[in-house]
Number of protein chains: 2
Amino acid sequence: MKIGIDAMGGDNAPEEVVKGAVEAIKDFKAELVLIGNREKILHCLTSKSLPRQISIVHTDQYVEMYENPTTALRKKKQASILVAAELLKRNEIQALISAGNTGALMEAALITVGRISGIRIKRPALSVLMPTYQTHCIFLDVGANADCKPEFILQFARMGNIYARVMMKRESPRVGLLNIGSEQTKGNAITLAAYELLSRSRLNFVGNIEPRDLLGGAVDVAVTDGFVGNMVLKTAEGTAELFIKLLKDYIKRNSLSKLAAILLRPVFNQLKKKLDHTEYGGALLFGVNGICIKSHGRADARTIYNAVKLAERLAQEDIIRRFTEDLKEEISDEQEPERQQSSDPDCVKT
Amino acid sequence: MKIGIDAMGGDNAPEEVVKGAVEAIKDFKAELVLIGNREKILHCLTSKSLPRQISIVHTDQYVEMYENPTTALRKKKQASILVAAELLKRNEIQALISAGNTGALMEAALITVGRISGIRIKRPALSVLMPTYQTHCIFLDVGANADCKPEFILQFARMGNIYARVMMKRESPRVGLLNIGSEQTKGNAITLAAYELLSRSRLNFVGNIEPRDLLGGAVDVAVTDGFVGNMVLKTAEGTAELFIKLLKDYIKRNSLSKLAAILLRPVFNQLKKKLDHTEYGGALLFGVNGICIKSHGRADARTIYNAVKLAERLAQEDIIRRFTEDLKEEISDEQEPERQQSSDPDCVKT
């Protein structure tokens, strides 16, 4: 199995990406293909030669984090993310990891491998494994679609449901709709309509959930539109960061608490590990016809290591085939929502 | 000065509300009027007679947390929140505090005192003082309007701007639009349009901000629609709770960390105080023609105490007059956005 990594993507690329790849080959069987500037990649290696399990596909171009994805990909035909996605399309790699520009990853994937075939994928979605009190849940869309239609959210739920069964081994995943209140009557126009669609589906839909329920572990799959999902994810991250920053500041104020903090270091490390995005490697891009993992823009070597771990498992579980087959099955089981979908002009949009 | 408190509102009413009122009169000059069931209120008192600074306006009815506000207020003409709002209208109280059903507070306020006069308030908004790294910022709308138009968000920003000047003593408040990215091109349809309006206004608009910037203290006023605001607020609360819960669990696992935790107790208390909603008392309902403070549904005595403190200051600062005068002035200064507003059919809606 070969896994491609966009070596030029992310705030800490290529240094941390290369470092993560080198760490990963110690523990995982997959061969890694680093896509990017050969010289810069080699420069990041501590060893003199390239490890046997790692190869490089050279390209000089890459998309910067701040660039507009569409414009950038139109201009840079040899951008590392595009080259990587083409390798995925030709099955020269079986999964692709990028910590770079999210929009560029999505666009590159859509241009090359396209959407899962056989069913009408309305919009790809970005997912994340959200840490919850006792375990974690799959949460989407966390940023692929700033404006969503209720039908998109139903499809996110269906894909999340399959992911939770296959990857998280949950038998009948509980699906929740993120909302401002638990009552059916709560929400904005989109959530009200999405609630309706979800309750008519065959999913194990448990209703509206608030952020507290999400974090408390009330569901296995949480769905929302990409704007709200992104906000919730970033607020959770931001709050955890603020918490740690304040904790450090307050501890520093006297020597007794400094001492106590040293004793508590293992506890803080455990907490950090639980809440740290690097531990999760990255988020699968749902709905495209190939395994594409988006790692955090601030990914470090540990993130990349974990992304390789995730990619390997996704490939082993043959997740794309599962999506394709199970989605078809689920939809054919549900007559009503399907009819509604087929008449929706969004099905054919890119 | 008299401050009315809905004694029946909130998860811990009337016990904690009465307790908070009794605490508050020790430190604040305002007379408190408790609106609710006389017998139940008296039952919560530890003293035999009612303290001189507290009076009761009796009513048997109240709106439950789960009730639909419109239906409830139509049926219960003597609901405590409605009786309280009528006292506010007749100026028998100068401010109103409720930890009860948010929608009922809003509706009751709109029915009685109505909107700030002289300018066309499109929608009232719920605000909150959001703790940030070094201080706090005023953040709205956090739940009054699940669906917002861009014009509402501009008005939220204007009201927030006045609040920050008057209550937080910030000279030229930095106003930020909560968004999924800092670039002007980022966002959903609403934020893109709101960005446009905000940048044409005379506000000190600093552009899009992400949750991290909000929590880091990058702005004095943060605006968003009521759905996203509510989600962000609840996610921040939920994450802080999860953090504390995990910390406690991990600490319990061995005796050394238990000991260290005891030493760190002052630090944890400081952190709790910083992030705890009870410390902020409640959130002003922006846009209605009277001081209405919404305290957290889980308000305890400390919350009510702090809400009284806030109410007293808002009344002293004559915040409603400031809103009325300054909003008129701001809008007359800005020709373009104003013209656009007048042609908006939403202006006259309730």
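Q: In strand E4 (residues 95–98) of chain A, which residues point one way and which the other way?

A: In a regular strand the side chains alternate between the two faces of the sheet. In this predicted model, A:Ala95 and A:Ile97 point one way from strand E4 of chain A, while A:Leu96 and A:Ser98 point the other way, and all are buried.

Q: Which strands do bridges join to E4(A), and how do they run?

A: Strand E1 (residues 2–6) of chain A is joined to E4(A) by three bridges, and these two strands run parallel; within this pairing, A:Leu96 has A:Gly4 standing opposite. Four bridges join E4(A) to strand E11 (residues 291–294) of chain A, again in a parallel run, and here A:Ile97 has A:Ile293 as its bridge partner.

Q: How many residues has the largest nonpolar core, and which have the most contacts inside it?

A: The largest nonpolar core has 118 residues, and those with the most contacts inside it are A:Met130 and B:Met130. Leaving aside residues up to four places away in sequence, A:Met130 touches several others, including A:Phe139, A:Leu214, A:Val232 and A:Ala236.

Q: How can chain A be laid on chain B?

A: A turn of 180° with a shift of 0.0 Å along the axis lays chain A on chain B with an RMSD of 0.0 Å, and the two copies are therefore related as by a two-fold rotation axis. In chain A, the C-alpha nearest this axis belongs to A:Ala260, which is 2.4 Å from it. The same surface serves both copies, since 100% of the contact residues of chain A recur in chain B.

Definitions and conventions
Residues are numbered from 1 along each chain as its sequence is written. Chains are lettered from A and ligands numbered from 1 in the order in which they are written. This is a predicted model: local features need pLDDT of at least 70, side-chain atom pairs count only at pLDDT 80 or more; totals for chains, interfaces and linings use all residues. Side-chain values use heavy atoms; hydrogens and water are left out. A nonpolar core is a set of buried Ala, Val, Leu, Ile, Met, Phe, Trp, Tyr and Cys residues joined through side-chain atoms within 4.5 Å. Buried means under 20% relative accessible area, exposed over 50%, partly exposed in between (1.4 Å probe, protein chains only). Contact means heavy atoms within 4.5 Å. Copies are superposed by least squares on the C-alpha atoms of residues with pLDDT of at least 70 in both. Two strands pair if DSSP finds at least two bridges between them.
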